[in-house]
Amino acid sequence: MVKKFETLQQLNEEAAQLFVNAAQAAIAARGRFTVALTGGSSPAELYRLLASSPYREQIQWEQVYIFWGDERWVPLDDELSNARMAMETLLSHVPVPESQIFPMWAEGVSPDEFAHTYEQSLRNYLGPDGHFDLVLLGMGGDGHTASWFPHTGVLHEYEKWVAAYYLHAQDMYRITLTVPLVTRARQLAVIAYGSGKADALHEVLQGERNIEKYPAQLLPTADDQITWFVDTAAAARL
């Protein structure tokens, strides 16, 4: 499902309402809400909204379990850290127990070792079938989502739930949830706005299938599972 908005305020308000609805439904059905957050600049205003009224009061934050969809392998105080951004905009303003927040970083271990440990945590909380209640994602102008970058081996990782790899284009390691885990989520929400996303969004949603060039084509397409939140600029070619 693609939802188009005239303004970013409208887009973020609708995305915040989806987050609230997903949390309420999961907690009512299973007693907790498992969510993977996204990074980059796109979700910052969404997180600020969720930390404010009336959204903040509509979620039982004590029953929320916070993971991440991907991360740059940098310390939590680094300005590039997705976890740092989420802490500053959302998590430091709502009563999620610290023991229920799982950033993708640890001192003194390799990225591969950490990815294995993170996967074990996910298996403990999600069970053997691995269903997140909600996965939030963004999409880059190159058609990547999570840390599924064009022409990288992680696009073909179907055994692990979490993978670490060195992204030469950025000269750093990335940690990411893999295709099979993300695509099993009960709900996915993808935020993409701005004219710089228009070409990639067109290719991902309507172009010929080429996952090596446009990895976001790996996302599911069922309207009841995925919602694309886009502005009119990003949707210009749809």
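Where in the chain does proline 54 lie? I began my notebook with this residue and found proline 54 in the loop between helix H2 (44–50) and strand S3 (64–68). The peptide bond that leads into it, from serine 53 to proline 54, is cis, with omega near 5°. I keep in mind throughout that this is a predicted model.

**Entry: the whole protein**

I then stepped back to the overall picture, and noted that the protein has six helices and nine strands. Its C-alpha trace spans about 45 × 40 × 35 Å along the principal axes. I looked up the radius of gyration, which is 17 Å, and this agrees with the value near 18 Å that a compact globule of 238 residues would have. Of these 238 residues, 55% are buried, and among the contacts with a separation of 6 or more, 76% join residues that are 24 or more positions apart. For the surface I wrote down an accessible area of about 10,500 Å², with 47% of it belonging to carbon and sulfur atoms. The protein carries 17 positive and 30 negative charges, and I noted that the mean positions of the two sets are 4 Å apart.

**Entry: the loop between S5 and S6**

Next I turned to the loop that runs from strand S5 (134–138) to strand S6 (162–167), where I looked up histidine 144. I count histidine 144 as buried because its relative accessible area is 17%, and the cut-off is under 20%. Its side chain makes a polar contact of 2.7 Å with the side chain of aspartate 142. Beyond the residues up to four places away in sequence, histidine 144 touches Gly138, Met139, Phe149, Pro150 and Pro215.

Alanine 146 lies in this loop between S5 and S6 as well, and its phi is near 50°, a positive value in a residue other than glycine. With a relative accessible area of 9%, alanine 146 is buried.

Leucine 155 is a further residue of the loop between S5 and S6, and at 0% relative accessibility it counts as buried. Leaving aside neighbours within four places in sequence, I found leucine 155 in contact with Trp148, Phe149, Val179, Ile211, Glu212, Pro215 and Leu218. Pro215 thus appears in my notes for histidine 144 and again for leucine 155.

**Entry: glutamine 100**

What does the side chain of glutamine 100 meet at 3.1 Å? A polar atom of that side chain lies 3.1 Å from the backbone oxygen of glutamate 62. Glutamine 100 sits in the loop between helix H3 (82–89) and helix H4 (111–126), and at 11% relative accessibility it counts as buried. Outside its neighbours within four places in sequence, glutamine 100 is in contact with Trp61, Glu62, Gln63, Val64, Tyr65 and Ile66.

**Entry: helix H6 and aspartate 171**

In helix H6, which covers residues 198–206, I listed Ala198, Ala200, Leu201, His202 and Val204 as buried. The buried residues of this helix pack against strand S9 (226–231).

Is aspartate 171 buried or exposed? At 57% relative accessibility, aspartate 171 counts as exposed, and I located it in the loop between S6 and strand S7 (172–177). Its phi is near 55°, again a positive value in a residue other than glycine.

How values were computed:
Residues are numbered from 1 along each chain as its sequence is written. This is a predicted model: local features need pLDDT of at least 70, side-chain atom pairs count only at pLDDT 80 or more; totals for chains, interfaces and linings use all residues. Side-chain values use heavy atoms; hydrogens and water are left out. Helices (H or I, at least four residues) and strands (E, at least two) are DSSP runs, numbered from the N terminus. The radius of gyration is taken over C-alpha atoms; the globule rule is 2.2 Å times the number of residues to the power 0.38. Buried means under 20% relative accessible area, exposed over 50%, partly exposed in between (1.4 Å probe, protein chains only). Contact means heavy atoms within 4.5 Å. Accessible areas come from the Shrake-Rupley method with a 1.4 Å probe; for residues, only the protein chains shown count as cover. Lys and Arg count as positive and Asp and Glu as negative; His and the chain ends are not counted. The place of a charge is taken as NZ of Lys, CZ of Arg, CG of Asp or CD of Glu. A polar contact is a pair of N or O atoms within 3.5 Å; within protein, one must be able to donate a hydrogen and the other to accept it, and residues adjacent in sequence count only if both atoms are side-chain atoms.
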